[in-house]
Amino acid sequence: MSMFYQPLTVEEAITNLAKENTMACAGGTNLYVDRKHGKFLDKDYVSLDKLQDLKQVIQKEDGWHIGSMVNFACAEKLAIPGANCFTMAAAQVGAPQIRNRGTVGGNIVSASPAADSVPALIALDATVVLKSVSGERIVALSEFMKGPGRTDLRSGELMTEIIIPTKKGHSVFNKAGKRNALAIAICNQAVYMETEQGKIQEIRVALGSVAPTAVRAYHAEAMLKGTEASALDSTEFKVALKEALLKDICPIDDVRATKEYRQSVAFRMLMHNLKQLWKEESVC
């Protein structure tokens, strides 16, 4: 029979996680499904539910610190400048019941290629704070994701918070699925953009469900940097941008969509997101 620990402090939690054969339990929305399929039945669980320090959102000098136990119902109501893509993604995670239980940290650690919050946080250049009895380390979220179901989380470590650096631009998130709600993404995408004198000064494009992990579209970003809004009207530019984007992603055929369909959706979504961001820039 598994042991169940319910610590009241972060220090107590990481002490329990230092024991052999233990794993953290956050909202449990994935864990209960995994156990039904025979996974993790031999593990001892460290519940994070009582750790109030991990449920806070605090603005500090280096940006916004979001506790790993912040649920999506809370996250979708946040008003973080420049981070609209994150709140938009949070609002599209599962059903209301899942958003009330599911946590940002749990969504990241589950490492699903289709996780909605991860592309948004990668586009915002987020980092994660990992603590253990050995100390603390901070890892870029883009480097933390290693593959389907795999992260850089080491044995005994606990993700305590996600840090979103202070932003001055705009961002947007979109998702395509089999239906408008309660669907696993065929493709999801977040774009963060800053402009100066009518040109893109900084751009970050992150996509999910088109590779083994959420990915940055570095080739597409390189093409977009320094361009004006009028570039999106050029057929030649759009063809080149699509070619660049396809270098950044490697979708597969599965039960939800074909590789070719995901490629098409990813590009159409990028064009839509860019036009939306240019509209927001023009309003400002």
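This passage walks through the sheets, two loop residues, the nonpolar cores and one buried arginine of a predicted model.

Because the model is predicted, local features are reported at pLDDT of at least 70 and side-chain atom pairs at pLDDT 80 or more, while totals for chains, interfaces and linings use all residues. Residues are numbered from 1 along each chain as its sequence is written, and side-chain values use heavy atoms, with hydrogens and water left out.

Start with the antiparallel sheet. It is open, and its 5 strands come in the order 4-5-10-6-7. Helices (H or I, at least four residues) and strands (E, at least two) are DSSP runs numbered from the N terminus, and two strands pair if DSSP finds at least two bridges between them. Strand 4 (57–60) and strand 7 (135–140) sit at the edges, each pairing on one side only. On average, neighbouring strands here are turned by 25° against each other, direction ignored; axes are lines fitted to C-alpha atoms, for helices over the stretch in contact, and angles run from 0 to 180 degrees between N-to-C directions. Inside the sheet, strand 6 (residues 127–132) and strand 10 (residues 158–164) run antiparallel and are joined by 5 bridges. One residue pair to look up is Thr127, whose bridge partner in strand 10 is Ile163. Helix 1 (residues 10–17) packs on this sheet, touching strand 6 and strand 10 (contact means heavy atoms within 4.5 Å), and its direction makes about 130° with that of strand 10.

The other sheet to look at is parallel: an open arrangement of 3 strands in the order 1-3-2. Strand 1 (4–5) and strand 2 are at its edges with a single partner strand each, so one side of each has no neighbour in the sheet. Strand 2 pairs with strand 3 (residues 44–47) in the parallel sense over 4 bridges, and Met23 has Tyr45 of strand 3 as its bridge partner. Helix 1 packs on this sheet too, touching strand 1, strand 2 and strand 3, with its direction at about 145° to that of strand 2.

Two loop residues have backbone angles worth a look. Asn21, in the loop between helix 1 and strand 2 (22–25), has a positive phi near 65° without being a glycine. Asp125, in the loop between helix 7 (117–123) and strand 6, likewise is not a glycine and has a positive phi of about 65°. Relative accessibility is 34% for Asn21, which counts as partly exposed, and 38% for Asp125, also partly exposed. The cut-offs are under 20% relative accessible area for buried and over 50% for exposed, with partly exposed in between (1.4 Å probe, protein chains only).

On to the interior. In soluble globular proteins, nonpolar side chains tend to be buried together. A nonpolar core is a set of buried Ala, Val, Leu, Ile, Met, Phe, Trp, Tyr and Cys residues joined through side-chain atoms within 4.5 Å. The largest one holds 38 residues, and Phe86, Ile108, Leu121, Val128, Leu141, Phe144 and Ile164 touch the most other members. Helix 7 supplies the largest share of this core, 5 residues. Apart from this core lies another, of 30 residues, including Val205, Leu232, Val265 and Phe267.

Finally, Arg216 belongs to strand 14 (residues 215–216) and is buried, at 17% relative accessible area. Its side chain makes a polar contact with that of Glu221 at 2.7 Å. Such a contact is a pair of N or O atoms within 3.5 Å; within protein, one must be able to donate a hydrogen and the other to accept it, and residues adjacent in sequence count only if both atoms are side-chain atoms.
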